[in-house]
Amino acid sequence: MANDITGLDEVQAKLRQLGNKRKAKNAATRASRKAMNIVKKAARENAKRIDDKDSPEKIWKNIVTKPARTKGAGLVVMRVGVKGGAKKRAQSGKPNSGGDTWYFRLVEYGSSTNSASPFMRPALNNNMNAVQAEFTRAYSAELDKEIAKL
């Protein structure tokens with residue numbers, strides 16, 4: 001991120017005190033989920049505004065927060081997205097709670113015949129400072145919990 005995050009000096013001191021990289025990564029994952037839930041909530045509110053009331057599919061019900069796979073030992077990536085992907089597929093197994101919302105990218109980015117009505121990107125852009133502040137607060141709290149267990 002290009003923005004400066006304040007309050008990390010005390011977090012780094014707690015990391016040195018904890019010493020276990022795996023526990024620190026688990027704490028970071030929990031904290032990043034709490035922080036990105038702010039974006040998820042905003043994206044759901046934005047999607048509710050543009051969802052078709054007559055359609056049985058609801059994009060907002062399929063918006064989720066989940067961790068992404070990383071190759072580095074100390075890396076944590078949390079994603080907010082729409083379940084179901086962007087291709088219409090035959091439903092196998094348990095269906096999504098909001099229905100088959102494969103068309104969400106056509107709404108988000110537009111197409112040659114429809115203009116874009118973004119709901120995911122503004123959710124992140126409008127809440128960047130709140131996400132950073134929540135991550136710093138939650139990560140510090142999670143590290144305190146891990147240190148208390150020692």
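# Salt bridges, helix packing and cores

Colleague: At 37% relative accessibility, how does Lys34 count: buried, exposed or partly exposed?

Modeller: This is a predicted model, and the value is computed from it. Buried requires under 20% relative accessible area, and exposed requires over 50%. Lys34 has 37%, so this residue counts as partly exposed.

Colleague: Which residue does Lys34 meet in a salt bridge at 2.9 Å, N to O?

Modeller: The cut-off between a side-chain nitrogen of Lys or Arg and a carboxyl oxygen of Asp or Glu is 4 Å. Lys34 belongs to helix H2, and its partner to helix H5, 108 residues apart in the chain. At 2.9 Å, N to O, that partner is Glu142.

Colleague: Is Glu142 buried or exposed?

Modeller: The limit for buried is under 20% relative accessible area. Glu142 has 4% relative accessibility, and therefore counts as buried.

Colleague: How far apart are the closest N and O atoms of Glu142 and Arg30?

Modeller: Arg30 is partly exposed, with a relative accessible area of 34%. These two residues form a salt bridge, and the separation of their closest N and O atoms is 2.7 Å.

Colleague: How many residues apart in sequence are the parts that Glu142 and Arg30 tie together?

Modeller: Glu142 is part of helix H5, which covers residues 128-149. Arg30 is part of helix H2, so the pair ties together parts whose separation in sequence is 112 residues.

Colleague: In which helix do both Lys145 and Glu142 lie?

Modeller: Their side chains meet in a salt bridge at 3.7 Å, N to O. Lys145 is partly exposed, with a relative accessible area of 47%. The two residues are three apart, about one turn of the helix, and that helix is H5.

Colleague: Which residues are linked with Glu142 in a network of salt bridges?

Modeller: The structure holds five salt bridges. Glu142 meets Lys34 in one of them and Lys145 in another. The network joins Glu142 with Arg30, Lys34, Lys145 and Glu146.

Colleague: At about what angle do H2 and H5 pack?

Modeller: Two packed helices are described by an angle and a distance between their axes. H2 passes H5 in a right-handed crossing. The contact includes Ala27, Arg30 and Lys34 of H2 and Tyr139, Glu142 and Leu143 of H5. The axes are 8 Å apart, and the angle is about 145°.

Colleague: In what order do the elements of the chain run from the N terminus on?

Modeller: The chain has five helices and two strands. Strand E1 (residues 63-67) pairs with E2 in the antiparallel sense over five bridges. From the N terminus on, the order is α-α-β-β-α-α-α.

Colleague: Which residues form the covered face of strand E2?

Modeller: E2 consists of residues 78-82 and has two faces. Arg79 and Gly81 make up the uncovered one. The covered face is formed by Met78, Val80 and Val82.

Colleague: Which residue stands opposite Thr65 in E2?

Modeller: The residue in question has 18% relative accessibility and therefore counts as buried. Leaving out residues up to four places away in sequence, its contacts include Met36, Ile63, Thr65 and Met120. Thr65 stands opposite Val80.

Colleague: Which residues have the most contacts inside the largest nonpolar core?

Modeller: This core has 16 residues. Helix H2 (21-50) and E2 each supply at least two of them. H2 gives the most, with six residues. The most contacts inside the core belong to Ile63, Val82, Phe119 and Met120.

Colleague: How many residues does the second, separate core have?

Modeller: Among its members are Ala27, Ala28, Tyr139 and Leu143. Those four also take part in the contact of H2 with H5. The count for the second core is nine.

Colleague: What share of the contacts in the chain with a separation of 6 or more comes from residues 24 or more positions apart?

Modeller: The chain has 150 residues, of which 31% count as buried. For contacts with a separation of 6 or more, residues 24 or more positions apart account for 63%.

Key:
Residues numbered from 1 in each chain as written. Predicted model: local features only at pLDDT ≥ 70, side-chain atom pairs only at ≥ 80, totals over all residues. Heavy atoms only, no water. Buried < 20%, exposed > 50% of the residue type's maximum accessible area, 1.4 Å probe, protein only. Pairing = 2+ DSSP bridges. Core = buried A, V, L, I, M, F, W, Y, C linked by side-chain atoms within 4.5 Å. Axes fitted to C-alpha atoms, helices over the stretch in contact; angles between N-to-C directions. Left-handed = near helix turned anticlockwise from the far one by under 90°. Contact = heavy atoms within 4.5 Å.
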